[in-house]
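This briefing goes through the aromatic contacts, a surface patch and the pocket of the structure shown below. The points are grouped by topic.

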Amino acid sequence: HIREELFIADGYFGIKDLWVLQVVKGINPNCKVYILTSKEHNKDIMVSPYDAYLEYWRLNISDQETPPTEVVIVSTSSVNTSPIHDRWWISGKSGIRVGSSVNGLGGNRISEIGDLTTEEAEEREEIIRRFVIQKTREYKGNKIRYLSFTMP
């Protein structure tokens with residue numbers, strides 16, 4: 001059900017999870033992907049996250065360009081984790097709740113993936129979108145910090 005846009009909220013998304021973009025590109029090469037992740041999980045590449053993501057893509061996944069992708073790394077002033085704990089993938093009026101990070105899918109542990117209702121998908125897309133466009137400035141009394149970049 002990948003439409004024009006795909007929103008991925010996963011605080012543990014990192015460079016090794018970029019294979020997902022190859023799958024998206026195979027399904028809908030014009031889909032715009034928005035990835036909302038955390039500073040905590042990307043702390044080892046925070047000096048130059050764009051360069052790290054692009055280099056990993058080119059060396060490990062493909063010499064072709066990614067689908068249009070916006071990566072937003074978010075943290076709060078008190079911790080480097082994302083304010084969103086759950087993992088959601090939303091496209092159009094549908095979505096899934098993913099019980100594992102992308103890097104845990106297909107691994108050795110049991111994980112659950114469940115459908116969201118249309119209403120749940122719309123609500124979660126609005127939450128993610130507010131972070132992606134950096135409209136949410138504070139969460140539970142803590143300032144939100146953003147670092148974002150566009151691939152390719």
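A search across the whole of this predicted model returns 3 aromatic pairs. One of them, formed by F7 and Y34, is stacked, with 4.8 Å from centre to centre and 10 degrees between the planes. This pair links distant parts of the chain, since F7 belongs to strand β1 (residues 5–9) and Y34 to strand β2 (residues 32–38), 27 residues apart.

**Burial of the stacked pair**

- F7 has a relative accessible area of 2% and therefore counts as buried, the cut-off being under 20%.
- Y34 is likewise classed as buried, because its relative accessible area of 14% also falls under 20%.

**The edge-to-face pair and its cluster**

- Y50 and F149 form an aromatic pair of the edge-to-face kind, in which the ring centres are 5.8 Å apart and the planes are at 75 degrees to each other.
- Distant parts of the chain are linked by this pair too, with Y50 in helix α2 (residues 49–61) and F149 in strand β8 (residues 142–151), 99 residues apart.
- Which of the terms buried and partly exposed applies to Y50, and which to F149? Y50 is partly exposed, because its relative accessible area of 28% lies between the limits of 20% and 50%, whereas F149, at 8%, is buried.
- Y50 and F149 also belong to a cluster, in which ring pairs link them with Y53.

**The nonpolar surface patch**

- On the surface, W19, V23 and I27 make up a nonpolar patch, and the accessible area of these residues together comes to about 290 Å².
- W19 is located in helix α1, which covers residues 19–27.
- The relative accessible area of W19 is 38%, so this residue is classed as partly exposed, and it also passes the requirement of over 30% that applies to patch residues.

**The largest pocket**

- The largest pocket holds about 380 Å³ of space.
- Its lining consists of 20 residues, of which H1, I2, L6, W89 and I96 are the closest to the centre of the pocket.
- Two or more residues of the lining come from each of the elements α1, β4 (88–91), β5 (94–98) and β6 (113–116).
- Helix α1 thus appears under two topics, as the element that holds W19 and as one of the elements that give two or more residues to the lining of the largest pocket.

Methods:
Residues numbered from 1 in each chain as written. Predicted model: local features only at pLDDT ≥ 70, side-chain atom pairs only at ≥ 80, totals over all residues. Heavy atoms only, no water. Patch = residues over 30% accessible without salt bridge, like charges linked within 9 Å, V, L, I, M, F, W, Y side chains within 5 Å. Areas by Shrake-Rupley, 256 points an atom, 1.4 Å probe, with all protein chains shown as cover. Salt bridge = Lys/Arg side-chain N within 4 Å of Asp/Glu carboxyl O. Helix = DSSP H or I, 4+ residues; strand = E, 2+ residues; numbered from the N terminus. Buried < 20%, exposed > 50% of the residue type's maximum accessible area, 1.4 Å probe, protein only. Phe/Tyr/Trp six-rings, centres within 6.5 Å; stacked < 30°, edge-to-face > 60°. 1 Å grid on protein atoms, 1.4 Å probe; cavity = no way out; pocket = protein on both sides within 12 Å on 5 of 7 lines; lining within 4 Å. Points joined across faces, edges and corners; volume = space filled by probe spheres on them.
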